[in-house]
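Work through the exercises below with the model open. Each task is followed by a stepwise solution.

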Amino acid sequence: MILPQEFYFEDTTKVAKQLLGKVLNIKTKDVKFRARITEVEAYLGVEDPACHTFGDRRTPRVQSMYLDGGHSYVYLIYGMYYCLNFVTRTPDHPEAVLIRAVQPFEADAKPKRKDLTTNGPGKLCRRYGITKDHDGLRLWKKNSLLYVSDDDFKVKNQDIVATTRVGVDYAGEAAQWPLRFYIKDNPYISRK
């Protein structure tokens with residue numbers, strides 16, 4: 001079942017946790033990929049110094065964050081890595097969830113370190129060919145190049161690890177907010 005757009009209108013932290021275990025569906029011209037979401041980070045909009053819309057910043061780069069929840073937001077970091085986010089809430093509350101890692105359906109349950117090609121936001125985008133062309137897509141539409149579905153895989157609350165976000169030291173005390181969530185003991189996460 002595809003997640004409805006309304007799923008993304010909820011509180012961003014709640015959406016982030018509920019995305020764990022959901023299925024990211026990626027379509028290319030030749031292949032369809034499926035991967036289970038294993039790690040995410042929540043970004044809380046205009047009041048969050050680590051968020052791209054902090055202070056109600058409006059630039060061409062962040063335009064998709066001002067769409068209704070349920071759209072993709074893809075941006076480039078360090079001039080070479082794309083990152084995939086899911087916009088949450090409403091245009092008045094431009095927030096998002098960064099997809100940090102996924103477990104490919106075809107992957108080994110106990111992979112070797114060299115085989116981990118989706119355990120980081122830039123790595124997963126590179127693995128699946130996600131680029132700026134995937135920005136602003138409707139995640140609740142099956143004909144979209146990206147959509148999210150639920151196959152009834154359950155992640156229990158006690159299996160969710162909450163910790164600080166990665167790479168946001170510039171954000172002052174917000175760098176310590178426990179807004180990074182991952183599935184405990186899953187090898188497909190970016191770091192412990």
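**Exercise 1. Determine in which sense β3 and β4 pair, and over how many bridges.**

Solution. This is a predicted model.
Step 1. The two strands, β3 and β4, pair in the antiparallel sense. They do so over six bridges.
Step 2. Take Y73 as an example. Its bridge partner in β4 is N85.
Step 3. Now look at the connection. Three residues lie between β3 and β4, and the two strands form a hairpin. In the turn, Y78 has a positive phi of about 55°.

**Exercise 2. Classify M80 as buried or exposed, and find the nonpolar patch with M80 in it.**

Solution.
Step 1. Locate the residue. M80 is in the loop between β3 (72–77) and β4.
Step 2. Apply the cut-off. Exposed means over 50% relative accessible area. M80 has 55%, so M80 is exposed.
Step 3. Find the patch. Y78, M80 and Y81 make a nonpolar surface patch of about 380 Å².

**Exercise 3. Find the geometry of the aromatic pair Y8 and F86, and place both residues in the chain.**

Solution.
Step 1. The whole structure holds four aromatic pairs. One of them joins Y8 and F86.
Step 2. Their ring centres are 6.3 Å apart, with 85° between the planes. Planes over 60 degrees apart count as edge-to-face, so the pair is edge-to-face.
Step 3. Y8 belongs to the segment before α1 (12–19), and F86 to strand β4 (residues 81–88). The pair thus links distant parts of the chain, 78 residues apart.
Step 4. Y8 and F86 are both buried.
Step 5. Compare the rings of Y73 and Y75. Their centres are 5.3 Å apart and their planes stand at 35°, so this pair is tilted. Y73 and Y75 are both buried.
Step 6. Ring pairs also build a cluster, made of F7, Y8 and F86.

**Exercise 4. Identify which rings R36 and R58 lie over.**

Solution.
Step 1. R36 lies over the face of F153, 4.1 Å from the ring centre.
Step 2. R58 has its charged end over the ring of Y66, at 4.0 Å from the centre.

**Exercise 5. Place K112 in the chain, and decide whether K112 is buried or exposed.**

Solution.
Step 1. K112 is in the loop between β5 (95–104) and α2 (121–128).
Step 2. Its relative accessibility is 56%, so K112 counts as exposed.
Step 3. Add a distance. K112 and I26 are 86 residues apart along the chain, and their C-alpha atoms are separated by 24 Å.

Definitions and conventions. Residues are numbered from 1 along each chain as its sequence is written. This is a predicted model: local features need pLDDT of at least 70, side-chain atom pairs count only at pLDDT 80 or more; totals for chains, interfaces and linings use all residues. Side-chain values use heavy atoms; hydrogens and water are left out. Rings of Phe, Tyr and Trp (its six-membered ring) pair if their centres lie within 6.5 Å; planes under 30 degrees apart count as stacked, over 60 as edge-to-face and the rest as tilted. Helices (H or I, at least four residues) and strands (E, at least two) are DSSP runs, numbered from the N terminus. Buried means under 20% relative accessible area, exposed over 50%, partly exposed in between (1.4 Å probe, protein chains only). A charge sits over a ring if NZ of Lys or CZ of Arg is within 6 Å of the ring centre and within 35 degrees of the ring normal. Patches are made of residues with over 30% relative accessible area and no salt bridge: like charges are joined within 9 Å, nonpolar side chains (Val, Leu, Ile, Met, Phe, Trp, Tyr) within 5 Å. Accessible areas come from the Shrake-Rupley method with a 1.4 Å probe; for residues, only the protein chains shown count as cover. A salt bridge is a side-chain nitrogen of Lys or Arg within 4 Å of a carboxyl oxygen of Asp or Glu. Two strands pair if DSSP finds at least two bridges between them.
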